[in-house]
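Here's a quick walk through one chain and its ligand. Have the viewer open and follow along.

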Amino acid sequence: MQIHILYGTETGNAEMLAEDISDHLSEHAPEVTNLEDFDPADFDTGTFYLVVTSTYGDGELPASAQPFAEKMASQAPDLSGIRFAVFGMGDSEYPETFNFGGKRLEEMLTGAGAELVGERVTHDASGSDMADDLALPWVDALLAEGVA
Ligand SMILES: Cc1cc2nc3c(=O)[nH]c(=O)nc-3n(C[C@H](O)[C@H](O)[C@H](O)COP(=O)(O)O)c2cc1C
């Protein structure tokens, strides 16, 4: 099964992490796409999706994920059969909206019928873990479960 990493970013952290995950999974030759360049019509049931996104504004999606959210709203696709996992990036300095970006994407995709695999991970920019230190074991665990 193909792996496709979709990222949403404002200042590049999620993009860097997506690239690091891609390098880590090089044996699987994953595709990496900025959400602003991804159309919901391109979701494919033969692919497992790793969604990496930050949070901006007042708990909003980052700029590069917003065109995708608009397409999801206008197209209302049926995503049954699509499986995905979410790695959210945020900062506990924003306690009211901590990691809402990942939460919003999770709800958007499950609301369209896609299946979330595992629990959404919430990285905290003010915490002690580097994003890679959480994300690489996360993808290893997903692969060990046989997602792809
Ligand atoms: C102006 C601004 C607003 C932010 N708002 C939130 C927020 O509401 N909730 C949250 O959890 N993190 C928030 N963050 C933290 C970012 O999500 C975090 O720094 C992330 O690593 C940025 O990743 P990116 O460079 O891929 O966009 C905010 C950061 C900035 C600079």
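Helices here are DSSP runs of H or I with at least four residues, numbered from the N terminus. By that count Phe100 is found in helix H3, residues 100-111. Before going further, keep in mind that this is a predicted model.

Let's stay with Phe100 for a moment. Is Phe100 buried or exposed? The cut-off for buried is 20 or more other C-beta atoms within 10 Å, and Phe100 has 21 C-beta neighbours inside 10 Å, so it counts as buried. Leaving out residues up to four places away in sequence, Phe100 touches Thr55 and Gly59.

Pro77 makes a good second stop. Pro77 sits in the loop between H2 and S4. With 18 C-beta neighbours inside 10 Å, Pro77 counts as partly exposed. Not counting neighbours within four places in sequence, Pro77 is in contact with Pro40, Ala41, Phe43 and Ala112.

If you want a couple of distances to check in your viewer, try Phe100 and Met72: they are 28 residues apart along the chain, and their C-alpha atoms are separated by 17 Å. For Pro77 and Ser54, 23 residues apart along the chain, the C-alpha separation is 23 Å.

Now zoom out. The chain has four helices and six strands, and read along the sequence they follow the pattern β-α-β-β-α-β-α-β-β-α. The radius of gyration is 14 Å, close to the 15 Å that the globule rule gives for 148 residues, so the chain is as compact as a globular protein of that length. Along its principal axes, the C-alpha trace spans about 40 × 35 × 25 Å. Of the 148 residues, 35% count as buried. As for contacts with a separation of 6 or more, 80% of them come from residues 24 or more positions apart.

Next come the strand pairings, with a bridge partner picked out for each:

| Strand pair | Sense | Bridges | Example partners |
|---|---|---|---|
| S1 (residues 2-8) and S2 (residues 31-34) | parallel | four | Ile5 and Val32 |
| S1 and S3 | parallel | seven | Ile3 and Phe48 |
| S3 and S4 | parallel | six | Val51 and Val86 |

Strand S3 (residues 47-53) turns up in two of these rows, paired with S1 and with S4. Why is S3 described as largely enclosed by the rest of the structure? Six of its seven residues are buried, so that description follows. In a regular strand the side chains alternate between the two faces of the sheet.

The helices link some of these strands. S1, H1 and S2 make a right-handed β-α-β unit. S3, helix H2 (residues 66-75) and S4 make a right-handed β-α-β unit too.

That leaves the ligand. Which residues come nearest to the ligand? Of the 22 residues around it, the nearest are Thr9, Asn13, Ala14, Ser54 and Gly90. Helix H1 (13-24) and strand S4 (83-90) are the elements that give two or more residues to this shell. By type, the shell divides into eight nonpolar, eleven polar and three charged residues.

To tie the threads together: H1 belongs to a right-handed unit with S1 and S2, S4 belongs to another with S3 and H2, and both H1 and S4 give two or more residues to the ligand shell.

Methods
Residues are numbered from 1 along each chain as its sequence is written. This is a predicted model: local features need pLDDT of at least 70, side-chain atom pairs count only at pLDDT 80 or more; totals for chains, interfaces and linings use all residues. A residue is near a molecule or strand if its C-beta atom, placed from the backbone, lies within 6 Å of it. Ala, Val, Leu, Ile, Met, Phe, Trp, Tyr, Cys and Pro count as nonpolar, Asp, Glu, Lys and Arg as charged, and the others, Gly among them, as polar. Two strands pair if DSSP finds at least two bridges between them. A crossover is right-handed if, with the strands pointing away from the viewer, the path from the first strand over the helix to the second runs clockwise. A residue is buried if 20 or more other C-beta atoms lie within 10 Å of its own, exposed if 12 or fewer, and partly exposed in between; C-beta atoms are placed from the backbone. Two residues are in contact if their C-beta atoms, placed from the backbone, lie within 7 Å. The radius of gyration is taken over C-alpha atoms; the globule rule is 2.2 Å times the number of residues to the power 0.38.
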